[in-house]
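Hi,

Here is the structure I promised to pass on to you. Have a look at it first, and then read my notes below.

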Amino acid sequence: MRQLPERRVERQRGGIALEGDEADVMRLNLECRLAQRVLVEVAHGRYRDEQDLYALARTVGWSHWITPRHTLRVDTTAHRSPLRSLNFAALRVKDAVCDQLREAHGARPDVDTRAPDLPLLLHLGAEDATLYVDSSGEALFKRGWREDKGDAPLKETLAAAMLAAAGWRGTPEAGGALHDPCCGSGTIAIEAAQIACGIAPGLQRRFAFERLLPFGTPALRTRWQQLKQAARERIHEAAVPIVASDVAFRMVDFARRNAQRAGVAGAIEFHGGDALERPAPELPTGLPGTLMINPPYGERIDVAGKAGANKALPEDFFARLASHWKRAYTQHPAGWTAWVLSPDMKLPGAMRLKESRRVPMWNGPIECRLFRFDLVRGSARVPRTAVADDDEPND
């Protein structure tokens, strides 16, 4: 993402807060790969009961945001809130919006639980409440290209977080070539290819802010078109090879079709084949390689591809995978680095490799680690002194 002008940035629970204007909201939605949503804070204050929430919502000038012809929805999250019903809290906020617009215009907006024009998020702490306008609408991991899905597909934002944690930037100097030998429907490879080609993650989708009054002025409509045009103009060919393969040819077909819709079919080389046998891609002598996989695991998917099953991979799968990597990926002069996402904290032992880094991540509700293994000739082990403690968990 292109860097925003220098602003005050504050880390908060579940994300970051920064000062910005309407153009920044548009730019963040278009460019941000890691965030789930871009929220605009419109009210904050102390509360004791639902009537306080009604009063808080009445402090916002809702006629600035919507008309009675728009629709809305209120979602609620809470952390140590004393209120017994989050649904009733959301209802009181909805009542405040509708009452204010009825008084101003003689009519009130309807509720749309599926695709509202004005999505609102109410967050309740122990004593404070914050009300946000969700400028994104659908979560930002929905890039607009995924139609063919496998079982338990990886979210695009998690794939982007894995690449960011690995320092992979789609250049010879930052990560080099990329190979995902368990590609499924192609999420990691497609996200990597979009990074390598300079494609903005939000370029192929719509956002809730496009239907809201503050963003509907001629100047901001023009600005939005300029931002998208600038994003299109900077798209370029990938500077490094990206290879994706899967043991299931059906999944390779899914990945190919998804890559076509994402505009990166020409940047990814697809193959079928077992990860335990797939040879290392041939690379130029000085170009390093990055292996990145999200293999099946019990809570997510079983080996046969049945979502929700609680079966594990064959007991020796990871030992065999590590042995294959030692044979096939340690001969390249510039070296390969492997990154494996797994909920098994003992994975390095199962692979008989020593990790050089482990990054806490969450795959939906499943706590995982992204393990790094430096594949070197010989034992492919790294010195014990190189093993790092857990990094900070991803938000």
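Let's start with one residue, Arg-102: its relative accessibility is 37%, so it counts as partly exposed, a label for values between 20% and 50%. Keep in mind that this is a predicted model. You'll find Arg-102 in helix H3, which covers residues 86-105. Leaving aside residues up to four places away in sequence, Arg-102 touches Ala-107 and Arg-108. Pro-68 sits 34 residues from Arg-102 along the chain, yet their C-alpha atoms are separated by 7.7 Å.

Now zoom out to the whole chain. It has nine helices and 14 strands, and 52% of its 395 residues are buried. If you take the contacts between residues at least 6 apart in sequence, 79% of them join residues at least 24 apart. The accessible surface comes to about 19300 Å², and carbon and sulfur atoms account for 48% of that.

Next, the sheet. Try tracing seven strands in the order E10-E9-E8-E11-E12-E14-E13: they form an open sheet with mixed pairing. At the edges are E10 (268-272) and E13 (357-363), each of which pairs on one side only. From one strand to the next, the twist averages 20°.

Both ends of that sheet are worth a look. At one end, E13 pairs with E14 (residues 366-375) in the antiparallel sense, over seven bridges, and Trp-362 stands opposite Glu-367 in E14. At the other end, E9 and E10 pair in the parallel sense over five bridges, with Ile-242 opposite Ile-268 in E10. To get from E9 to E10 the chain passes through H7, and this β-α-β crossover is right-handed. Helix H7 (residues 249-262) lies across E9 and E10, at about 165° to E10. Helix H5 (residues 187-196) lies across E8, E9, E10 and E11, and runs at about 170° to E9.

Which side chains of E10 are buried, and which are not? They alternate: Ile-268, Phe-270 and Gly-272 point to one face and are buried, whereas Glu-269 and His-271 point to the other face and are not.

Ile-268 turns up again in the core. The largest nonpolar core has 62 residues, and Ile-268 and Trp-325 are the ones with the most contacts inside it. Beyond its neighbours up to four places away in sequence, Ile-268 touches Ala-189, Ile-190, Ala-193, Ile-242, Ala-244 and Ala-259. There is also a second, separate core of 44 residues, which includes Val-93, Leu-118, Leu-124 and Ala-231. As background, nonpolar side chains tend to be buried together in soluble globular proteins.

Last stop: helix H4 (residues 156-165). How many of its ten residues are buried? Nine are, so to speak, under cover. Among them are Glu-156, Thr-157, Leu-158 and Met-162. The buried residues of H4 pack against E8, H5, E11, E12 (336-342), E13 and E14. After H4 comes Gly-167, which has a positive phi, near 70°.

Have fun clicking through it!

Methods:
Residues are numbered from 1 along each chain as its sequence is written. This is a predicted model: local features need pLDDT of at least 70, side-chain atom pairs count only at pLDDT 80 or more; totals for chains, interfaces and linings use all residues. Side-chain values use heavy atoms; hydrogens and water are left out. Two strands pair if DSSP finds at least two bridges between them. Helices (H or I, at least four residues) and strands (E, at least two) are DSSP runs, numbered from the N terminus. Axes are lines fitted to C-alpha atoms, for helices over the stretch in contact, and angles run from 0 to 180 degrees between N-to-C directions. Contact means heavy atoms within 4.5 Å. Buried means under 20% relative accessible area, exposed over 50%, partly exposed in between (1.4 Å probe, protein chains only). Accessible areas come from the Shrake-Rupley method with a 1.4 Å probe; for residues, only the protein chains shown count as cover. A nonpolar core is a set of buried Ala, Val, Leu, Ile, Met, Phe, Trp, Tyr and Cys residues joined through side-chain atoms within 4.5 Å. A crossover is right-handed if, with the strands pointing away from the viewer, the path from the first strand over the helix to the second runs clockwise.
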